[in-house]
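The following paragraphs go through selected features of the structure shown here.

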Amino acid sequence: MNPSLIDQLKEIGLQLGTNGLPYRFPLHPNLVHFSLGLFIIALVFDFAGVFFPLERPILKGFAIPAQRQNFFDVGWYNAVAGACISFFTVAAGFFEILLAQPPTDQVSDWGIGAGTTMLLHGVGGILLLVMMVGTTIWRGYQRFVWRTNCRNEVSWAYLGFALFLMAYMAIHGTLGAQLGAEFGVHNTAAHILRMGQNPNVVLSEGGIDL
C-alpha cells in the first residue's frame with residue numbers, strides 16, 4: 001500500500017471502499033479478461049489458419065464457408081486489440097497494487113507469500129505486456145512484409161513462441177487469481193470477513209459502503 005497515494009485520493013474527495021479501491025469493482029481483473037481472451041483467440045486462430053487443410057473437410061461437413069485467410073485476419077486483428085487494451089490492463093493493475101493490503105501470514109497453494117505473489121504478478125505483467133506488443137509487431141511484419149506471398153501467414157517459429165506465450169499467460173493468470181481468491185486482495189467479501197462480519201448479512205442489508 002502507498003499511504004501518500006491514499007492521502008492524495010482523499011484530498012481530491014475519493015475514499016477507499018470495502019474492496020480497498022476508490023471505485024465499486026476492481027478494474028484490473030475485468031480488463032485482464034479482454035487482454036488474455038483477445039490474445040489467446042488471436043493465437044488459436046493463427047493455428048487454425050496453418051492447419052486449415054485438416055479442418056476443411058469438417059467445415060464442409062457443417063456447410064460453413066471459410067477460407068484460410070479468414071482465420072489469419074481474425075488472428076491479426078485480435079492480436080492488435082489484445083496488445084492495445086493491455087496497456088490499460090497493466091496501468092490499472094499497478095494502480096491497484098499501490099492500494100493493496102496483502103496479508104503477511106498466509107501462503108498460496110504454491111507455497112508463496114502474498115507480497116511475493118503480488119511482486120511476481122506485477123513484474124510478470126510488465127514482461128507479458130512487452131511480449132504481447134513484441135509478438136504483435138512480429139505478427140505485423142509477417143502479415144505485411146515477410147510472408148505476403150506465403151500460404152501460411154505465420155511461421156512455425158511464431159507458432160512455437162505462441163505456445164510458450166499461452167503457457168506463460170496461464171501461470172501469470174493463476175498468480176493473479178491467487179491474489180484475489182486466496183489472499184483476498186481487493187476482494188469485498190474477504191474484507192468484510194476480516195472485519196469479523198458476515199458478508200451475506202452485510203451485503204444483503206446494504207449496510208456497508210462498497
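In this predicted model, the largest pocket holds about 630 Å³ of space. Its lining is made up of 32 residues. Those nearest the centre of the pocket are His28, Pro29, Val32, His121 and Gly176. Four elements each give two or more residues to this lining: helix H2 (27–50), helix H4 (68–98), H5 and H6. Sorted by class, the lining residues are 16 nonpolar, 15 polar and 1 charged.

Two of these contributing helices, H5 and H6, also pack against each other. Helix H5 spans residues 114–146 and helix H6 spans residues 156–181. Their axes are 9 Å apart and meet at an angle of about 155 degrees. Angles over 145 degrees count as roughly antiparallel, and H5 and H6 are therefore roughly antiparallel to each other. The crossing of H5 and H6 is left-handed. By class, the contact of H5 with H6 has 16 nonpolar, 9 polar and 1 charged residues.

Helix H2, another contributor to the pocket lining, contains Leu31. Which residues does Leu31 contact, leaving aside its neighbours within four places in sequence? With those neighbours set aside, Leu31 is in contact with Ile85, Phe88, Thr89 and Ala92. Helix H4 covers residues 68–98. A further reference point for Leu31 is Ala162, which lies 131 residues away along the chain. The C-alpha atoms of Leu31 and Ala162 are separated by 21 Å.

Conventions
Residues are numbered from 1 along each chain as its sequence is written. This is a predicted model: local features need pLDDT of at least 70, side-chain atom pairs count only at pLDDT 80 or more; totals for chains, interfaces and linings use all residues. Side-chain values use heavy atoms; hydrogens and water are left out. Axes are lines fitted to C-alpha atoms, for helices over the stretch in contact, and angles run from 0 to 180 degrees between N-to-C directions. Angles under 35 degrees count as roughly parallel, over 145 as roughly antiparallel, 65 to 115 as roughly perpendicular and the rest as oblique. A crossing is left-handed if the near helix is turned anticlockwise from the far one by less than a right angle, and right-handed if clockwise. Ala, Val, Leu, Ile, Met, Phe, Trp, Tyr, Cys and Pro count as nonpolar, Asp, Glu, Lys and Arg as charged, and the others, Gly among them, as polar. On a 1 Å grid over the protein atoms alone, a cavity is a set of points where a 1.4 Å probe fits but cannot get out, and a pocket is an open set with protein on both sides within 12 Å along at least five of seven lines; lining residues have an atom within 4 Å of a point. Grid points are joined across faces, edges and corners, and a volume is the space filled by probe spheres set on the points. Contact means heavy atoms within 4.5 Å.
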